[in-house]
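Welcome, and please get your viewer ready for a short walk. We will select a few residues at a time and look at what is there.

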Amino acid sequence: MNSRATVTVALSGVSEKFNRRLRTLCWESLDEGMLLFFRLRAGLEKVQQAARAISLHHPHLLANR
């Protein structure tokens with residue numbers, strides 16, 4: 001094998017490692033983003049439920065606005 005072929009094989013190995021690492025980072029970022037989305041959605045639902053509970057139990061708060 002000549003030096004050009006050796007360099008090509010070495011670069012393709014590095015490139016494949018880089019591509020694999022990049023794909024892994026992308027999937028990890030997507031996972032973290034989805035977790036954040038669902039946490040925020042659950043928190044927003046709790047706030048909405050609390051707001052509904054306050055407005056149902058204290059209608060005078062809305063009347064005084």
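Which residue forms a salt bridge with Arg20, and how far apart are the closest N and O atoms? Select Arg20 and Glu16: they form the bridge, with the closest N and O atoms 3.8 Å apart. (A salt bridge here is a side-chain nitrogen of Lys or Arg within 4 Å of a carboxyl oxygen of Asp or Glu.)

Before going on, a word on what you are viewing. This is a predicted model, in which local features need pLDDT of at least 70 and side-chain atom pairs count only at pLDDT 80 or more, while totals for chains, interfaces and linings use all residues. Residues are numbered from 1 along each chain as its sequence is written, and side-chain values use heavy atoms, with hydrogens and water left out.

Zoom out to the whole chain. You will find two helices and zero strands (DSSP runs numbered from the N terminus, helices being H or I with at least four residues and strands E with at least two). Of its 65 residues, 0% count as buried; buried means under 20% relative accessible area, exposed over 50%, and partly exposed in between, with a 1.4 Å probe and protein chains only. The accessible surface comes to about 6100 Å², and 65% of this belongs to carbon and sulfur atoms (Shrake-Rupley method, 1.4 Å probe; for residues, only the protein chains shown count as cover).

Back to the first pair. Arg20 and Glu16 both lie in helix α1, four residues apart, about one turn of the helix. Now add Arg23, which forms a salt bridge with Glu16 at 3.6 Å between the closest N and O atoms. Arg23 is partly exposed, at 44% relative accessible area.

Next, select Arg41 and Glu45, a salt bridge whose closest N and O atoms are 4.0 Å apart. These two residues are also in helix α1, four residues apart, or about one helical turn. Compare the earlier group: salt bridges that share partners join Glu16, Arg20 and Arg23 into one network.

Finally, select Trp27, Leu30, Met34, Phe37 and Phe38, which make a nonpolar surface patch of about 540 Å². (Patches use residues with over 30% relative accessible area and no salt bridge; like charges are joined within 9 Å, and nonpolar side chains, Val, Leu, Ile, Met, Phe, Trp and Tyr, within 5 Å.) Leu30 lies in helix α1, residues 3-57.

Keep Phe37 and Phe38 selected. The count comes to one aromatic pair (rings of Phe, Tyr and Trp, its six-membered ring, with centres within 6.5 Å; planes under 30 degrees apart are stacked, over 60 edge-to-face, the rest tilted). The ring centres of Phe37 and Phe38 are 5.1 Å apart and their planes stand at 70°, so this pair is edge-to-face.
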